[in-house]
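Trainee: Could you walk me through how the words for contacts and cavities get earned? I'd like to check each one against its rule.

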Protein chains: 2
Amino acid sequence: MANEGIHREWASRIRGHEESGNLVESVVEILDCAALCFTEMGFQGTSIDDVARRLGATKGRIYHYFRSKTDLFFEVHREGMTRLMDAVTAAIDAGGTGREKLQRMVEAHALTMMQNVAYEAVVVQGVHLHRLSATTPEQRVILNELMDVRHQFEQLFVQVFREGQADGSVRETADVSLAVKGILGAVNWMAIWYRPRPDERPETQEAMAHEVAELQIRGVT
Amino acid sequence: MANEGIHREWASRIRGHEESGNLVESVVEILDCAALCFTEMGFQGTSIDDVARRLGATKGRIYHYFRSKTDLFFEVHREGMTRLMDAVTAAIDAGGTGREKLQRMVEAHALTMMQNVAYEAVVVQGVHLHRLSATTPEQRVILNELMDVRHQFEQLFVQVFREGQADGSVRETADVSLAVKGILGAVNWMAIWYRPRPDERPETQEAMAHEVAELQIRGVT
DNA sequence: CGGATAACATACTACGCAGTATGTCGTAGG
DNA sequence: CCTACGACATACTGCGTAGTATGTTATCCG
């Protein structure tokens, strides 16, 4: 179960619940609803009561597990970022030329975006994390951690891009960072316009991810 | 002066001021500050007092010209959209093959984004306009109008894209709409990461815009 | 079988902020 | 010269909402 790893991660961070139980289900439910609310109405536009209402519960349940609205947002963001990271690193580990790896990375990125629109839309919002003015010193640590992961994520693409240039599979370009930002922009933008059709087939998503990746990669080869 | 046209536009919409004066300067100042605030802290994160403080004024001045915070946001959004539209349509009018036009459009789009980061960042935020729950019937009319312009903007790219496919200058692709969304995503994303260096030369911006456009166009040819 | 604790719900508070109502000052027009 | 109005500033209100404090119930452990 994918939840196992996630759970271990959480247990240490949430209200001092060090050991596991089936509290995980409850927390996951909260995170799912929060992700949906944040995606639909934005961070500031979402009230804790909104999330609670969607859960069919009250604030009490949420504040039982999360110190603040900001912490809740952080956790959703972290989860979304983790899923992205896992998908992309897996794509790297599959090996091949720089170009091949890069294309698989972009495709994995795109597919993950589509399969987790709610969480990833929150991640995209999170680019503006620094906007959060009401941050305790404690939160600021987490914030820096999150922004660091963001940066690492982008650097993964930069590294493989350079790798591809070194082995000749990727074209030389004026500014690698700019090229990568273009590619990531095209994919990240999906979180904004893409919403799954009620009856959407997995193959459709895969086809779209493949198409997006191919177009972007073609631009740099 | 570019302000002339803008002004005529406004006069009819703002607090019934039908005729001009130097009220325009004051309104432009407000819009500029509002754009900055919205860009930095988001719509919901920005208070009218924030904008006023940045102006070195008070709420009174803002509410003298704008009915509500939402209307203020709308006006900034409209201005940003207008600038984009103007730049892109000009690129179309320059003629050439579909591919040539498309590349100029993307380049113009990118350059406009960089030259008007504040306004365009608001436009990008505006993708989520539907989030605004507190909308009067009056505002909903404007909102539909804005979203309509958005759609038209995207359709411009789709049309020229097809034009390029017809004349053979653009490659056949599975889904034109998807391809366009990719390109627009790469450019729109600039509003999120790009911030002008204090001493940034215009040529630097032009070079970046050119680079981004070339990479994206190369993907579809 | 009692009491401790987890997992919530209910009730309440404090404050930020959008919007309004009213005041003030300068100026253009009669 | 006065008065009407535009261009703001000041002062105030009401509501939404984050966060807290305090129940309530079930369950597990000794």
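Mentor: Sure, start here: a phosphate oxygen of DNA strand C sits 2.8 Å from an N or O atom in the side chain of T58(A). This is a predicted model, where local features need pLDDT of at least 70, side-chain atom pairs count only at pLDDT 80 or more, and totals for chains, interfaces and linings use all residues. Residues are numbered from 1 along each chain as its sequence is written, chains are lettered from A and ligands numbered from 1 in the order in which they are written, and side-chain values use heavy atoms, with hydrogens and water left out.

Trainee: Why is the pair of T58(A) and the phosphate oxygen of DNA strand C called a polar contact?

Mentor: A polar contact is a pair of N or O atoms within 3.5 Å (within protein, one must be able to donate a hydrogen and the other to accept it, and residues adjacent in sequence count only if both atoms are side-chain atoms). The T58(A) pair is at 2.8 Å, so it qualifies. S26(A) also reaches a phosphate oxygen of DNA strand C with its side chain, at 2.9 Å, while K59(B) has a polar side-chain atom 2.9 Å from a base nitrogen of that strand.

Trainee: What makes a residue count as near DNA strand C?

Mentor: One of its heavy atoms has to lie within 4 Å of the strand. For DNA strand C, 16 residues surround it, and S26(A), T58(A), Y65(A), I48(B) and K59(B) are the closest. Of the strand's atoms within 4 Å of the protein, 62% belong to sugar or phosphate and the rest to bases.

Trainee: Which residues come nearest to DNA strand D?

Mentor: Those are I48(A), K59(A), S26(B), T58(B) and Y65(B). Here K59(A) has a polar side-chain atom 2.9 Å from a base oxygen, and a polar backbone atom of K69(A) is 3.1 Å from a phosphate oxygen.

Trainee: Now the holes. Why is something called a cavity rather than a pocket?

Mentor: On a 1 Å grid over the protein atoms alone, a cavity is a set of points where a 1.4 Å probe fits but cannot get out, whereas a pocket is an open set with protein on both sides within 12 Å along at least five of seven lines. Searching the whole structure gives five cavities of 30 Å³ or more.

Trainee: What lines the largest cavity?

Mentor: Its lining has 35 residues (each with an atom within 4 Å of a point). Q125(A), R131(A), Q125(B), H128(B) and R131(B) lie nearest its centre.

Notes: Points joined across faces, edges and corners; volume = space filled by probe spheres on them.
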